[in-house]
Amino acid sequence: MTSAEISFAEPGLTLRSASPRQIAPTARYIDQIEEDITRFLRPSPTDPVYPGAVALAVHDGEIVAHDAVGYALRYLNDTPTDIPPDQWIPMQRNTIFDLASMTKLFTSIAAVQLIEDGRIALDAPVTRYIPEFAANGKSDITMLNLLTHTSGLPPDPKPRLCEYPTREQQWEAVYGVEPATPPNQAFLYSDMNMMTLGKVIETVTGRSLDRVIARSITEPLRMAETMYNPPASLKPRIAAEEYQPWTGRGIVWGSVHDENAYCVGGVSGHAGIFSTASDIAVLAQTLLNGGQYKGTRILEEQSVRTLFTDYNQAFPGHAHGLGFELDQRRYMGALSSPVSAGHTGFAGTSIVIDPLAHSFMILLTNRVHPSRSWGADNPPRAAVATDLAMLPPVRPTRGRTAWFAGPVDDANATLTAPVAVPDGGADLSFDLWYDTSETDSGAVHASSDGGATWQLVPLSLRTGGDRWQTDGTFTGFEGRQWLEATAQLDPSTTHLRWTYTTGSEAHGRGVYVDAVTVTGEQGPIFDDSRRADASQFQPDDWVESRR
């Protein structure tokens, strides 16, 4: 699946509150979003992952969830010492967050706009725009390398930029850094890529990066609460961050958390933007609309596709569009697909945009308040993304129900059916839908001794004109579509069994099985459309029917 297959929403689609009818059939998954972000307020396992969070979920332009839990400000230091409870600031839907590395998305979009205008070339060397960047053998690094983290630049400048006394010396240090590898040899996520890209944008436009992003993205889209360096008047609405005695700032609150961005004045291509969930939702819907929102177009449709196009196929596991990460199950959960795009921020922020389901999930937390060492924030990100992914129902192919085994940690689901295959053997057919992580897998087994022992059943799978074979196991992303599965059953087969086994990593949506039929030379042996046969299914407790 590629970005060329994406069907964008109507350009006129705007965000609106969901109707009860829209979410009623799968409302339990939407209710789970608030439950999931709340449970990470508790020790996980020692400290909470964060003191507060805001989650906003959208499907087909409908805001199906917008939840705020916990506190935007609670701690005085990382001992931790609480401030007096009457001074705690509750998290609100309109709380403003330091987006941290989600800033990179804005920088990337601004660069793509300049590519559209012909002012930047994707294959051009960075030195075309910043000649001094050539130092230490970097002449071959291109703009594409910066956008896809294949430049070979190290993750951060060493020493930190605060060690340099002037702004000019700080940027000289960025331009003069020695690469860790040659370009196009490895994927190496680096803030320096986007620091450099931001300076290219400033050089080409003759304006500061914050003004470029304001004029080309946030102001046209009326994202009034998205900005670098928020004014002091907004501080009560901003989520507090880390206790940083080493920077002399105490609790970082109202200024950018990232030390390098802070040291260059709060404006950089890699970090520094503050925003709200509602503002980010406008940008996400703009991309799902193909670059347009409320009559304002910030990107051409083909340019949007470049954000969802994997330029890093040479580096499996590190799929990357222009500035956007792709198909990262670890935090995208069941919203992940080859064209699902997003990004995370070190301070506790994330977005996942799934163009196949026309959905996106925004999770903003202050997970570094008061310490960056308290918890890992990918589990809550994946959890709420999976909650949203479960909203669109998978319709059974026959009848009103289908067997379903879903995203549960460290579990084994089984569906067993008794069959009596005659000496001449029989044909098995069923419909199969699956979306799993690499650590989860499904399988079909047969037994000829009443279930005492089991053997895999080799399968033929088909959808449209595509056909392939498996040894009886299946795993991965299969396009969110029903497949036709067939197999030959040996004589004397007594039972069939479908299994789905999961680990503890982020999951896909799961496995569905429907329309099971076993046919021998004399006709049907088992058919789940017959009431008597369907009643013989033996599912374990981890099963639900889908209407």
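## Strand pairing and helix packing in a predicted model

In strand 17, Leu-363 is the bridge partner of Ser-350. This pairing belongs to a predicted model, and the account below begins with the strands around Ser-350 before turning to other parts of the chain.

Strand 16 covers residues 349-354, and 6 of its 6 residues are buried. The burial extends to both faces of the strand: Thr-349, Ile-351 and Ile-353 lie on one side, Ser-350, Val-352 and Asp-354 lie on the other, and all are buried. Ser-350, the partner of Leu-363, is therefore buried in the sense of having under 20% relative accessible area.

Strand 16 pairs with strand 15 and with strand 17. Strand 15, residues 341-345, runs antiparallel to strand 16 over 5 bridges, and within this pairing Ala-341 stands opposite Ile-353. The two strands form a hairpin with 3 residues between them. In that turn, Gly-348 has a positive phi of about 120°. Strand 17, residues 359-365, is joined to strand 16 by 6 bridges, again in the antiparallel sense. The hairpin of strand 16 and strand 17 has 4 residues between the strands, and there His-358 adopts a positive phi near 55°.

A separate set of strands forms an open sheet. Its 3 strands are arranged in the order 7-11-8, with antiparallel pairing. Strand 7 (97-98) and strand 8 (227-228) occupy the edges; each has a single partner strand, so one side of each has no neighbour in the sheet. Strand 7 and strand 11, residues 273-275, are antiparallel and are joined by 2 bridges, and Phe-97 has Ser-275 of strand 11 as its bridge partner.

Two helix pairs can be set side by side. Two packed helices are described by the angle between their axes and the distance between the axes.

| Helix pair | Crossing angle | Axis distance |
|---|---|---|
| Helix 5 (residues 167-175) and helix 6 (residues 191-205) | about 120° | 10 Å |
| Helix 3 (residues 103-116) and helix 7 (residues 209-218) | roughly 75° | within 10 Å |

With axes at about 120°, helix 5 is oblique to helix 6, and their crossing is left-handed. Helix 5 contributes Trp-171, Val-174 and Tyr-175 to the contact, while helix 6 contributes Met-192, Met-195, Thr-196 and Lys-199. By class, the residues of this contact comprise 5 nonpolar, 1 polar and 1 charged.

Helix 3 and helix 7 cross at roughly 75°, which means that helix 3 is roughly perpendicular to helix 7. On the side of helix 3 the contact involves Phe-106, Thr-107, Ile-109, Ala-110 and Gln-113. On the side of helix 7 it involves Leu-209, Val-212, Ile-213, Ser-216, Ile-217 and Thr-218. The residues of this contact divide into 7 nonpolar and 4 polar, with no charged.

The final site is Ser-447, located in strand 21, residues 441-447. The relative accessible area of Ser-447 is 2%, so this residue is buried. Apart from its neighbours within four places in sequence, Ser-447 is in contact with Ala-452, Thr-453, Trp-454 and Gln-455, and also with Thr-493, Thr-494 and His-495. Leu-489 lies 42 residues from Ser-447 along the chain, and the C-alpha atoms of the two are separated by 10.0 Å.

Note on methods:
Residues are numbered from 1 along each chain as its sequence is written. This is a predicted model: local features need pLDDT of at least 70, side-chain atom pairs count only at pLDDT 80 or more; totals for chains, interfaces and linings use all residues. Side-chain values use heavy atoms; hydrogens and water are left out. Buried means under 20% relative accessible area, exposed over 50%, partly exposed in between (1.4 Å probe, protein chains only). Two strands pair if DSSP finds at least two bridges between them. Contact means heavy atoms within 4.5 Å. Axes are lines fitted to C-alpha atoms, for helices over the stretch in contact, and angles run from 0 to 180 degrees between N-to-C directions. Angles under 35 degrees count as roughly parallel, over 145 as roughly antiparallel, 65 to 115 as roughly perpendicular and the rest as oblique. A crossing is left-handed if the near helix is turned anticlockwise from the far one by less than a right angle, and right-handed if clockwise. Ala, Val, Leu, Ile, Met, Phe, Trp, Tyr, Cys and Pro count as nonpolar, Asp, Glu, Lys and Arg as charged, and the others, Gly among them, as polar.
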